[in-house]
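Subject: Structure handover and notes

Dear colleague,

I am passing on the structure that I have been going through, and my notes follow below it. Please keep it open beside this message while you read.

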Amino acid sequence: MGAVELVGVAASLSFLAGWRLYACIAAAGLAMRFGVIDLPQKIQALDALANPWVIGVAALGAIAELVADKVMWFDSLWDGPHTLIRPLGGALLALAIVDASDPAWQVVVFMLGGGAALLSHGAKASARAAVNTSPEPVSNMAVSSIEDVVTAGGLWLVLSQPHIAIAVAVVLLACAIGVIYLSWRMLTRLKRWWSSEL
């Protein structure tokens with residue numbers, strides 16, 4: 001696997017970790033443990049994810065997140081502490097994938113992985129804040145289900161086809177920026193509307 005593929009896998013997993021960190025860890029660990037995905041030799045540092053304890057704890061976190069994410073307003077409360085947890089997890093995943101021996105490169109990868117996870121987490125949190133203004137709970141469940149499907153599909157695609165991982169990362173980047181922009185516009189309009197009503 002070349003440098004471009006490694007960077008693509010690291011960036012894609014970091015972006016996905018910003019949405020569903022626990023699910024990313026559990027799914028990757030299960031896929032490696034049962035031989036569904038054979039990781040290239042260069043990223044064997046992720047073998048720790050196949051540890052039964054890591055899979056178990058990540059699965060519990062994924063289940064808790066799956067439930068919390070479907071409940072209106074509670075999802076935003078859940079996202080609060082994860083503003084720190086998800087970027088840190090994304091940074092560590094990126095660092096494990098790239099496995100650079102140069103300390104300066106390790107710091108760069110750590111910062112970029114954390115930044116990617118923070119960006120996608122920001123998109124998720126801002127979209128949820130906008131969706132939570134809707135009085136019915138169906139839109140919240142629909143957005144959460146879309147996140148579940150994109151995360152599962154993206155994780156499978158990136159780990160099984162690392163040669164297209166850089167394209168997946170670029171698409172995730174564009175989606176995250178677009179979601180943040182649209183959410184910001186929607187929340188700004190709501191704020192103006194509320195101000196005019198008062």
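A residue is called buried here if its relative accessible area is under 20%, exposed if it is over 50%, and partly exposed in between, with a 1.4 Å probe and protein chains only. The model is a predicted one, in which local features need pLDDT of at least 70 and side-chain atom pairs count only at pLDDT 80 or more, while totals for chains, interfaces and linings use all residues. Residues are numbered from 1 along each chain as its sequence is written, and side-chain values use heavy atoms, with hydrogens and water left out.

Let me begin with the salt bridges. General chemistry gives the background: side chains of opposite charge can pair when their charged atoms come close. Counting a salt bridge as a side-chain nitrogen of Lys or Arg within 4 Å of a carboxyl oxygen of Asp or Glu, the structure holds nine of them. In one of these, E147 meets R20, with 3.1 Å from N to O. Because E147 belongs to helix α5 and R20 to helix α1, this pair ties together parts that are 127 residues apart in sequence; helices, like strands, are DSSP runs numbered from the N terminus (H or I with at least four residues for a helix, E with at least two for a strand). E147 counts as buried, at 8% relative accessibility, and R20 counts as buried at 3%.

Where does K124 come in? K124 forms a salt bridge with E147, and their closest N and O atoms are 3.1 Å apart. Since K124 lies in helix α4 and E147 in helix α5, the pair ties together parts that are 23 residues apart in sequence. The side chain of K124 also meets that of D79 in a salt bridge, at 4.0 Å from N to O, and this pair links K124 in helix α4 to D79 in helix α3, 45 residues apart. K124 counts as buried at 1% relative accessibility, and D79 is buried as well, with a relative accessible area of 3%.

Next comes the way the helices pack. The axes of α3 and α4 come within 7 Å and cross at roughly 150°, where axes are lines fitted to C-alpha atoms, for helices over the stretch in contact, and angles run from 0 to 180 degrees between N-to-C directions. The two helices, α3 and α4, are therefore roughly antiparallel to each other (angles over 145 degrees count as such, those under 35 as roughly parallel, 65 to 115 as roughly perpendicular, and the rest as oblique). For α4 and α5, the packing angle is about 160° and the axes are 10 Å apart, so α4 and α5 are also roughly antiparallel to each other.

Finally, there is the nonpolar core, meaning a set of buried Ala, Val, Leu, Ile, Met, Phe, Trp, Tyr and Cys residues joined through side-chain atoms within 4.5 Å. The largest such core has 29 residues, and V9, L13 and L16 are among those with the most contacts inside it. Two or more residues each are given to this core by α1, α3, α4, α5 and α6, and the largest share, 14 residues, comes from α1.

One further residue to look at is N140, which is found in helix α5 and is buried, with a relative accessible area of 0%.

Best wishes
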